[in-house]
Amino acid sequence: MKTTPVTPADLQRSVIAVPPLARHADLTLNEEANRKLLGHLEAGGVRNVMYGGNANFYNVAVSEYVRIVDFLAEAAGPDTWVLPSAGPDYGKLIDQAAILRSRAFPTAMLLPMSFPYTDAGLADGVRRFSDALGKPAVVYIKAADYLRPDTVAKLIEEGRIVALKYAVVREDPSRDPYLTALLAEVESRWIVSGIGERPAVEHYRHFGLKSFTSGSVCLAPRGSMRILQLLHKSRFDEADALREQYMALEDCRDEISPLRVLHDAVTLAGVADMGPMLPLLSNLSADEKKRVEPVARALYAWDREAVPA
């Protein structure tokens with residue numbers, strides 16, 4: 001596992017994969033399946049892997065946290081940056097920070113709170129978490145006005161934040177007042193496009209972001225990495241055309257559930273058996289699987305057959 005401090009170059013060298021986490025029928029960690037998925041990502045060129053919402057870290061018990069993060073650190077290749085998540089509530093943040101501080105992870109991401117919080121209280125939580133971790137953290141922005149732009153700028157100035165995962169969904173991602181306001185306060189190098197392939201091209205073209213996260217990369221890593229390479233060269237029309245390969249699966253995720261569809265799509269495509277979802281989530285219904293399976297298999301096959309290694 002890569003352990004050097006995170007830099008903008010780290011964020012930009014690879015798509016940041018956000019995979020699900022495989023479990024056995026009894027909900028214990030399925031190490032073999034998780035290794036298989038991680039190996040599939042690495043074989044496709046991915047070197048940044050973030051375990052957060054898609055891995056259902058929201059509901060991971062603190063008592064299981066040590067085993068999970070130690071396994072992920074051991075399973076990753078020597079040049080793969082593994083980014084675990086913590087929280088979202090303050091109690092879990094502090095307990096998990098104590099665990100992570102004694103490990104070599106270069107940073108960790110704060111899962112987004114939905115209720116209750118205030119701007120000042122959330123900023124205080126980021127400060128206390130980064131103190132307990134001993135390193136700056138990644139902050140996950142999933143809702144408009146989650147943190148005031150001047151608050152974000154202050155936290156970056158204090159060395160509390162190493163990156164922002166920006167995942168505010170807009171009907172037109174090229175028109176985003178909150179992202180515009182953030183970029184008036186902080187440089188684009190601090191912000192990662194955090195909603196997969198759908199808005200990535202517009203986030204690069206209109207806002208100058210330089211990296212993006214992806215769940216669908218778990219099925220088609222070569223294609224996602226090719227999109228990133230095209231974006232770095234400002235070949236936006238080519239990147240946009242390639243992005244279309246991912247939209248059928250992304251449509252399923254948006255219309256059913258981003259987390260649940262991705263979890264089962266990895267299994268249905270034949271990448272690795274993700275098993276049951278950890279409560280309080282559940283796997284797809286039989287009818288939902290019938291819709292997702294051909295889409296997942298088609299994306300997986302396209303990536304293996306049509307995208308150069």
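**Exercise 1. Find the residue of β2 that is the bridge partner of Ala17, and place this pair within the sheet.**

Solution. In strand β2, Ala17 has Val49 as its bridge partner. The structure is a predicted model, and the pairs described here are read from its atoms. As a next step, look at the two strands as a whole: β1 covers residues 16-17 and β2 covers residues 48-51, and they run parallel, joined by two bridges. Finally, widen the view to the open sheet, which has eight strands in the order β7-β6-β5-β4-β3-β2-β1-β8 and is paired in the parallel sense. At its edges stand β7 (191-193) and β8 (213-214), and because each has a single partner strand, one side of each is left without a neighbour in the sheet.

**Exercise 2. Decide whether the residues of strand β5 are buried or exposed, and describe what lies on each face.**

Solution. Begin with the cut-off, since a residue counts as buried when its relative accessible area is under 20%. By this rule, five of the five residues of β5 (residues 137-141) are buried, and the strand is mostly covered. Then separate the two faces: Ala137, Val139 and Ile141 lie on one side, while Val138 and Tyr140 lie on the other, and both faces are covered.

**Exercise 3. Follow the chain into and out of β5, and state the handedness of each β-α-β unit.**

Solution. Start with strand β4 (residues 109-110), which runs parallel to β5 and is joined to it by two bridges; in this pairing, Met109 stands opposite Val138. Between these two strands the chain passes through helix α5 (residues 119-133), and the crossover is right-handed. Now move to the following unit, where β5 pairs in the parallel sense with strand β6 (residues 161-166) over five bridges, and Ile141 of β5 faces Tyr166 of β6. Together with helix α6 (residues 149-157), β5 and β6 form a β-α-β unit that is right-handed.

**Exercise 4. Describe how helices α3 and α4 cross, and which kinds of residues make their contact.**

Solution. First consider the axes of α3 (residues 62-75) and α4 (residues 90-101), which come within 10 Å and cross at roughly 35°. This crossing of α3 and α4 is right-handed. Next, list the residues in contact: α3 contributes Val62, Tyr65, Val66 and Val69, and α4 contributes Lys92, Asp95, Gln96, Ile99 and Leu100. Sorted by kind, the residues of this contact comprise six nonpolar, one polar and two charged.

**Exercise 5. Locate the cis peptide bonds that join Phe115 to Pro116 and Pro279 to Leu280, and give the omega of each.**

Solution. The bond between Phe115 and Pro116 is cis, with an omega of about -10°, and Pro116 belongs to the loop between β4 and α5. The bond between Pro279 and Leu280 is also cis, with an omega of about 20°, and Leu280 sits in the loop between α12 (258-269) and α13 (286-306).

**Exercise 6. Asn56 and Asp145 both have a positive phi; work out where each lies and whether it is buried or exposed.**

Solution. Take Asn56 to begin with, whose phi is near 55° although the residue is not glycine. Asn56 is placed in the loop between β2 and α3, and with a relative accessible area of 4% it is buried. Then turn to Asp145, likewise a residue other than glycine, with phi near 65°. Asp145 occurs in the loop between β5 and α6, and its relative accessible area of 58% makes it exposed.

Technical notes: Residues are numbered from 1 along each chain as its sequence is written. This is a predicted model: local features need pLDDT of at least 70, side-chain atom pairs count only at pLDDT 80 or more; totals for chains, interfaces and linings use all residues. Side-chain values use heavy atoms; hydrogens and water are left out. Buried means under 20% relative accessible area, exposed over 50%, partly exposed in between (1.4 Å probe, protein chains only). Helices (H or I, at least four residues) and strands (E, at least two) are DSSP runs, numbered from the N terminus. Two strands pair if DSSP finds at least two bridges between them. A crossover is right-handed if, with the strands pointing away from the viewer, the path from the first strand over the helix to the second runs clockwise. Axes are lines fitted to C-alpha atoms, for helices over the stretch in contact, and angles run from 0 to 180 degrees between N-to-C directions. A crossing is left-handed if the near helix is turned anticlockwise from the far one by less than a right angle, and right-handed if clockwise. Contact means heavy atoms within 4.5 Å. Ala, Val, Leu, Ile, Met, Phe, Trp, Tyr, Cys and Pro count as nonpolar, Asp, Glu, Lys and Arg as charged, and the others, Gly among them, as polar.
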